[in-house]
Amino acid sequence: MKNFKDSFADVLFEALDGHLDKQKISLMIEKPKFEHMGDLAFPCYELAKILRKSPQGIAADLAGKIGSPFFEKIEAAGGYLNAFLEKATVSASVIQQVLTEKETYGDANLGNGQAITIDLSSPNIAKPFSMGHLRSTVIGNALALISEKCGYRAVRINHLGDWGTQFGKLIVAYKLWGNEEKVKQQPIKELLKLYVQFHEEAEANPELEDMGRQWFKKLEDGDGEALSLWKWFREESLKEFSKIYDLLGIRFDSTNGEAFYNDKMDRVVELLKEKKLLIKSDGAQVVQLEDLPPCLIKKKDGTTLYATRDLAAAIYRHETYGSVQSLYVVGNEQSLHFKQLFSVLEKMGFTWAGGLVHIPFGMMLKDGKKMSTRKGKVVLLEEVLHEAISLALEDILKKNPNLPAKEEVARQVGTGAVIFHDLKNFRMNDIEFSLEDMLRFEGETGPYVQYTHARASSLLRKGKFAESSGDIQIGDPEAWPVVTTLMAFPEAVKRAFAEYDPSQIAKYVIELSRAFNKYYASVRFLEESSQKQARLSLVYSVTIVLKEGLRLLGIQAPEEM
Ligand code: ARG
């Protein structure tokens with residue numbers, strides 16, 4: 001792409017005779033606050049020291065020296081040099097580029113096909129899928145899509161919580177009070193009920209705890225009955241989780257959960273011993289860390305822990321996928337765990353441990369309080385998604401009752417609303433859960449962006465737009481903010497990746513929608529005029545980039561809604 005910032009940096013570099021290098025110049029170039037100050041600005045204050053001249057004088061000198069076909073004028077304003085892009089030429093060049101590259105516009109080849117593993121979603125078997133797991137799913141999937149756009153091969157791993165003492169308890173509870181039919185009908189609800197009952201009864205009858213431990217031991221020893229019950233709980237739970245994944249349109253490359261690493265932990269323990277990192281402490285085995293609490297590897301009774309399984313998983317993933325980066329999209333409350341994990345791997349001498357990143361996120365709140373899955377307050381996520389979808393359907397029935405494929409569009413809009421609501425803010429922020437806010441057609445919502453895309457698509461249909469190499473020089477001044485926003489897409493993609501921050505893309509599609517809707521209100525696109533083809537070409541560019549931006553968030557863009 002003709003990157004106009006680079007062009008400006010190029011001409012400045014020449015005019016400055018090597019007093020600053022090009023990269024430095026590029027970093028110094030700003031976007032002016034107001035439109036009357038042009039499209040790009042270069043501050044001359046730093047140069048004043050180097051050149052021993054006033055910033056005003058330097059700006060005036062530079063203004064006299066430089067020119068470029070992409071700039072209409074370059075003028076000095078105080079200590080700044082303001083550059084005004086040549087709107088017609090630049091617009092044509094941007095539109096041409098988007099039309100040529102289509103959905104590959106904004107692709108960045110940063111990754112060269114190298115693998116990035118993304119640990120996402122990772123709910124716990126036999127427990128409800130929580131809001132935190134939804135956040136992890138949505139943020140992780142967007143990061144996977146964004147890294148693919150940046151040239152990496154994303155490996156989506158659902159690290160299911162499918163091992164631990166709780167499964168011994170669950171087996172006991174099921175054998176005592178369970179019912180096969182009920183579990184089949186509503187696995188999560190029923191298994192959770194059994195689990196809760198176990199804890200209630202265990203208060204009066206502590207023997208149950210012992211039985212739980214014994215059954216977990218049996219499970220670890222490969223006992224047939226224990227294993228087949230566990231497998232069944234796992235399958236039923238996964239079936240239930242899949243309903244959520246299907247609604248969201250998310251798939252995984254691996255659903256190897258914690259249990260998968262059972263036979264891979266001995267090797268980790270051996271390695272730790274070889275490197276003399278394993279220390280006995282109160283009968284348990286730990287790795288001592290400098291600025292962190294010790295990392296527990298084996299309990300007194302010899303059983304392994306969450307952290308042990310994560311160590312084995314990290315090594316396995318590096319060996320299996322050759323990943324250059326591994327992202328763990330997990331709530332902020334686990335940040336100590338990941339600090340310890342990464343630190344142990346570094347101590348083990350794995351240089352690739354530098355590529356491990358915890359991607360934390362904030363909480364989902366309801367009326368300012370954490371949405372909890374404990375006791376009676378279970379929020380069944382599948383129900384939440386279905387509610388969003390049926391609200392979207394109601395809206396369609398009101399506004400556009402003849403729409404084809406209503407149900408599918410409602411699914412796209414309902415889930416799009418939930419996803420966008422999550423991704424529009426920086427992930428560390430807590431989010432207030434409100435279906436009403438999510439589904440609004442104005443303001444910063446998914447449906448607003450989807451609606452803008454559908455409205456633009458409908459213009460193309462009505463205007464019988466066909467691509468042509470015809471004139472794409474646009475004269476409308478209102479088109480300019482649309483063009484400059486289109487220009488900014490590749491940068492937004494790279495920023496989103498560099499900062500692991502999908503909200504950069506969400507904010508971007510909002511900005512593009514706003515710019516487009518303003519333009520939409522100012523021009524009669526369907527009127528026959530010499531500008532019609534150029535205008536519709538810009539509209540088409542907007543649909544391409546909105547659709548691609550939404551796709552990177554895991555949201556679909558219906559043509560009509
Ligand atoms: N199952 C865990 C939980 O729900 C999250 C697992 C995250 N991934 C990992 N590799 N530790 O808290």
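Which residue stands opposite Leu 81 in β3? Keep that one in mind for a minute, and I'll come back to it when we get to the strands.

Okay, so, hi everyone. Before anything else, please remember that what you have on the screen is a predicted model.

Let me start with the overall picture. The protein has 561 residues, and 55% of them are buried. I get 22 helices and 13 strands. If you draw a box around the C-alpha atoms along the principal axes, that box comes out at roughly 85 × 65 × 40 Å.

Now the strands, and my opening question. The residue opposite Leu 81 in β3 is Ala 76. Ala 76 comes from the β2 side, and strand β2, residues 71-77, pairs with β3 in the antiparallel sense over six bridges. Those two strands make a hairpin with two residues between them, and there Gly 78 takes a positive phi near 60 degrees.

Leu 81 also has Phe 42 standing opposite it in the pairing. That goes with strand β1, residues 40-43, which pairs with β3 in the antiparallel sense too, over four bridges. So how covered is β3 itself, how many of its six residues are buried? It's five of the six, across residues 80-85, and that makes the strand mostly covered.

Then there's a parallel pair. Strand β4, residues 115-119, runs parallel with β5 over five bridges. In β5, residues 153-157, four of the five residues are buried, so the strand is largely enclosed by the rest of the structure. Look at Asp 119 while you're there: its bridge partner in β5 is Ile 157.

Asp 119 is a good way into the ligand, because it turns up there again, among the residues around the ligand. Which other residues are around the ligand? Ser 122, Asn 124, His 133, His 159, Tyr 306, Asp 310, Tyr 328, Val 330, Gln 334 and Phe 338. By class, that shell has four nonpolar, five polar and two charged residues.

For the bench people, here are some of the distances. A polar atom in the side chain of Asp 119 sits 2.8 Å from a nitrogen atom of the ligand. With Ser 122 it's a backbone N or O atom, 2.9 Å from a ligand nitrogen. And the side chain of Tyr 306 has an N or O atom 2.7 Å from a nitrogen of the ligand. As for how wrapped up the ligand is, on its own it has 350 Å² of accessible area, and the protein covers 89% of that.

A little before Tyr 306 there's Thr 304. Thr 304 is in the loop between β8, 295-298, and α13, 306-321. Is Thr 304 buried or exposed? Buried, at a relative accessible area of 16%. The side chain of Thr 304 also has a polar contact of 3.4 Å with the side chain of Arg 309.

Next, two backbone oddities. Ala 126 has a positive phi of about 70 degrees, although it isn't a glycine. You'll find Ala 126 in the loop between β4 and α6, 131-149, and it's buried at 6%. The other one is Lys 102, again not a glycine, with a positive phi near 50 degrees. Lys 102 is in the loop between α5, 87-101, and β4, and at 22% relative accessibility it counts as partly exposed.

Somebody usually asks about cysteines, so: how many disulfides does a search of the whole structure find? Zero. Cys 44 is buried at 0% relative accessibility, and Cys 150 is buried at 0% as well.

Last stop, a couple of spots on helices further along the chain. Gln 412 is in helix α16, residues 406-423, and with a relative accessible area of 11% it's buried. Gln 412 and His 386 are 26 residues apart in sequence, and their C-alpha atoms are 11 Å apart in space. Then Val 539, in helix α22, residues 532-553, is buried at 1% relative accessibility. The C-alpha atoms of Val 539 and Leu 460 are separated by 7.4 Å, with the two residues 79 apart along the chain.

That's my tour. Happy to rotate the model if anyone wants to see something again.

Definitions and conventions
Residues are numbered from 1 along each chain as its sequence is written. This is a predicted model: local features need pLDDT of at least 70, side-chain atom pairs count only at pLDDT 80 or more; totals for chains, interfaces and linings use all residues. Side-chain values use heavy atoms; hydrogens and water are left out. A disulfide is a pair of cysteine sulfur atoms within 2.5 Å. Buried means under 20% relative accessible area, exposed over 50%, partly exposed in between (1.4 Å probe, protein chains only). A residue is near a molecule or strand if one of its heavy atoms lies within 4 Å of it. A polar contact is a pair of N or O atoms within 3.5 Å; within protein, one must be able to donate a hydrogen and the other to accept it, and residues adjacent in sequence count only if both atoms are side-chain atoms. Accessible areas come from the Shrake-Rupley method with a 1.4 Å probe; for residues, only the protein chains shown count as cover. Two strands pair if DSSP finds at least two bridges between them.
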